[in-house]
Amino acid sequence: MFSIFHPNSVSLLAFTIYLSFAGALIQALLPKGRAALSRWLALVVAVAGLVLGVQGFVAGIGQGRVVLIDLPWVPSMGIRFLLAADGISRVLVLLTGLAAVAGVLFSWNIELRTN
Amino acid sequence: MIGGVYGVFLSFDLFLLFVFYEVAIIPKYFLIAIWGSTRREYAAMKLALYSFVGSAMVLIGLLAAYATAGSHSTGLVELAHAGLPASFQMWCFPLVFTGFAILAGMWPFHTWAPTGHVAAPTAASMLLAGVVMKLGAYGCLRVAIALFPRGLDPWGISFIGIGSWRDVFAVLAVVGIVYGALVALAQTDFKFVIGYSSVSHMGFVLLGLMTLNQIGVTGAVLQMFSHGIIAGLLFAIVGRIVYDRTHTRQLAELETMHLSKRLPFAAWAFVIAGMASIGMPGFSGFWAEIQVLVGAWQVNPWWVAAAGIGIVVGVAYIWRAMQKAFFSDLLPSAHVLEQEHEHNFAAITWPEVTGVVLLAGVSLFVGLYPKILLDAIEPAVKALLAGGVQ
């Protein structure tokens, strides 16, 4: 396998979340009426999510549950910002990435309120 | 929204999962209400109400579990090992399972799904059927089954063969499989055919989960993936490739348009997607459904017999839709003839081709080499069934 698929890089999966929210935020800040820019940005973000998903899937082959990040969030209730991925998660993350890319491709023509 | 979906699949803290779950489903309302079509306000409101009731049930269950466990952690692993009393699990399981299953389109709480799918713009239908329904099924597995496994134990009494919550939900799943397929067969709107087919296919996911055995649950997870891809493809063909050019989704009108000749790409894409949808060997759906059925057979062959009816009807409704929409011999109406002379349909665009190739290719690849996903799913399912979350 390629050297980029180092086992520890499963933790990059968490960036699917951050990246998607960052993409949505940038979309909201884009000036109105820039349909082409908006759809290319959506495609780039979706493809990047899929690439991260594929990368995490490949990196996770043969591994059980991998903790991605574990931070205290609401300590008084013991709630943590705990992201992890097992085989089930990795398969469904892959699905999400594919669906996101396909979703962007099939809404390429929308001109109404593109942002 | 997509960020929320990723978040749900990666959260191993109960409340974090719930937060992402809400982030993922709330935008659906706006997607339908603003960009939707057929009866969009009604569909959006219906979807919102069903989602909120489901979410409320889940939240009550989660708070009760947190309070009962008395632990100072909301991690899924810790809660699964907290030793929740069996009597508590017995009422909390159906509450949380139903709450999540509403979003997975479980009969009889499925009615938001077909109207929502039809009213939503194409990309939103793809995401609704493709991933949002999976969030519900995922919650059933990761939270309800993993945290409250004792809730599935037999009650000790049995009434017409139903003696546990497991029997109850398996029967609902089977009814959903058959009912969804039969209703799909009777639809006049192309998009409703696909909408009801989702209810039927999600029934397989829920049935697989209720087998509680390795092969059935593995099949359920594979079916989540497979249906996500195939439903996305079907909605894209119907809602985008065909509707954007014909401006109708009525099968009776499409019947007179000679689409196999005028839109050959759409016709062939639908043939491939249809084959994948009915579980043709060589596509991902085949392995998923066969595993669910084998798993179910080990528990109760009657479930399999009933689900078999759903598969046969599934072939029928796909065949009917394909024949009517694309391969009909009906003479074109005068209106269509005139249109044909005036202008042909717009050419298929590169994003459309790319999208079809991507989704159909993945379904075919997984169908030919299912091991690639099964190697990931199987150990995780094994660990989950063995002792809650691994």
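Student: How many residues of chain B are in contact with chain A?
Tutor: This is a predicted model, and contacts are judged by C-beta atoms that lie within 7 Å. On the chain A side, 46 residues take part. On the chain B side, the number is 52.

Student: Which element gives the largest share of the side of chain B that touches chain A?
Tutor: Several helices of chain B give two or more residues to that side, including H1 (2–10), H2 (14–35), H17 (350–368) and H18 (371–387). Another on the list is H10 (214–246). The largest share is nine residues, and they come from H10(B).

Student: By class, how many residues on that side of chain B are nonpolar, polar and charged?
Tutor: Take the charged class: six residues. The polar class has 15. The nonpolar class has 31. In order, then, the counts are 31 nonpolar, 15 polar and six charged.

Student: What pattern does chain A follow along its sequence?
Tutor: Chain A has three helices and two strands. Read them in sequence order. The pattern is α-α-β-β-α.

Student: What share of chain A counts as buried?
Tutor: A residue needs 20 or more other C-beta atoms within 10 Å to be buried. Chain A has 115 residues to test. The share that counts as buried is 42%.

Student: Is Ile26(A) buried, partly exposed or exposed?
Tutor: Ile26(A) lies in helix H1 (residues 14–29) of chain A. The cut-offs are 20 or more neighbours for buried and 12 or fewer for exposed. Ile26(A) has 13 other C-beta atoms within 10 Å, so Ile26(A) is partly exposed.

Student: What distance separates the C-alpha atoms of Ile26(A) and Leu41(A)?
Tutor: Along the chain, these two are 15 residues apart. In space, their C-alpha atoms are separated by 8.8 Å.

Student: Which residues touch the most other members of the largest nonpolar core?
Tutor: That core holds 182 residues. Its largest share, 19 residues, comes from helix H7 (residues 122–147) of chain B. The residues that touch the most other members are Ala104(B), Leu206(B), Leu207(B) and Ile237(B).

Student: Which residues does Leu206(B) touch, not counting those up to four places away in sequence?
Tutor: Leave out the sequence neighbours first. What remains is a set from other parts of the chain B sequence. The names are Ala101(B), Ala104(B), Met106(B), Ala137(B), Phe169(B) and Ala173(B).

Student: Why do H8(B) and H15(B) count as roughly parallel?
Tutor: H8 (residues 165–185) and H15 (residues 301–325) of chain B have axes that come within 8 Å. Those axes cross at roughly 20°. Angles under 35 degrees count as roughly parallel, so H8(B) is roughly parallel to H15(B).

Student: By class, what makes up the contact of H8(B) with H15(B)?
Tutor: From H8(B) come residues including Ala170(B), Val174(B) and Ile177(B). From H15(B) come others, among them Trp303(B), Gly310(B) and Arg320(B). By class, the contact has 15 nonpolar, two polar and one charged residues.

Student: Are H9(B) and H15(B) roughly parallel or roughly antiparallel?
Tutor: Helix H9 (residues 190–211) of chain B packs on H15(B) with the axes 11 Å apart. The angle is about 160°. An angle over 145 degrees has its own class, and H9(B) and H15(B) are therefore roughly antiparallel.

Student: Which residues of H9(B) make the contact with H15(B)?
Tutor: On the H15(B) side are residues including Trp303(B), Ala307(B) and Tyr317(B). On the H9(B) side are Phe190(B), Val193(B), Ser197(B), Ser200(B) and Leu207(B).

Student: Which residues does a cis peptide bond join?
Tutor: Most peptide bonds are trans. Here, omega is about 5°. One partner, Pro108(B), is found in the loop between H5 (86–103) and H6 (112–119) of chain B. The cis bond joins Trp107(B) and Pro108(B).

Student: Is Leu212(B) buried, partly exposed or exposed?
Tutor: Leu212(B) lies in the loop between H9 and H10 of chain B. Its phi is near 55°, a positive value in a residue other than glycine. With 17 C-beta neighbours inside 10 Å, Leu212(B) counts as partly exposed.

Student: Is His247(B) buried or exposed?
Tutor: His247(B) has a positive phi of about 55° although it is not a glycine. The residue lies in the loop between H10 and H11 (251–254) of chain B. Only 12 or fewer neighbours count as exposed. His247(B) has 8 other C-beta atoms within 10 Å, so His247(B) is exposed.

Notes. Residues numbered from 1 in each chain as written. Chains lettered and ligands numbered in written order. Predicted model: local features only at pLDDT ≥ 70, side-chain atom pairs only at ≥ 80, totals over all residues. Axes fitted to C-alpha atoms, helices over the stretch in contact; angles between N-to-C directions. Helix = DSSP H or I, 4+ residues; strand = E, 2+ residues; numbered from the N terminus. Parallel < 35°, antiparallel > 145°, perpendicular 65-115°, else oblique. Contact = placed C-beta atoms within 7 Å. Nonpolar A, V, L, I, M, F, W, Y, C, P; charged D, E, K, R; others polar. Core = buried A, V, L, I, M, F, W, Y, C linked by C-beta atoms within 7 Å.
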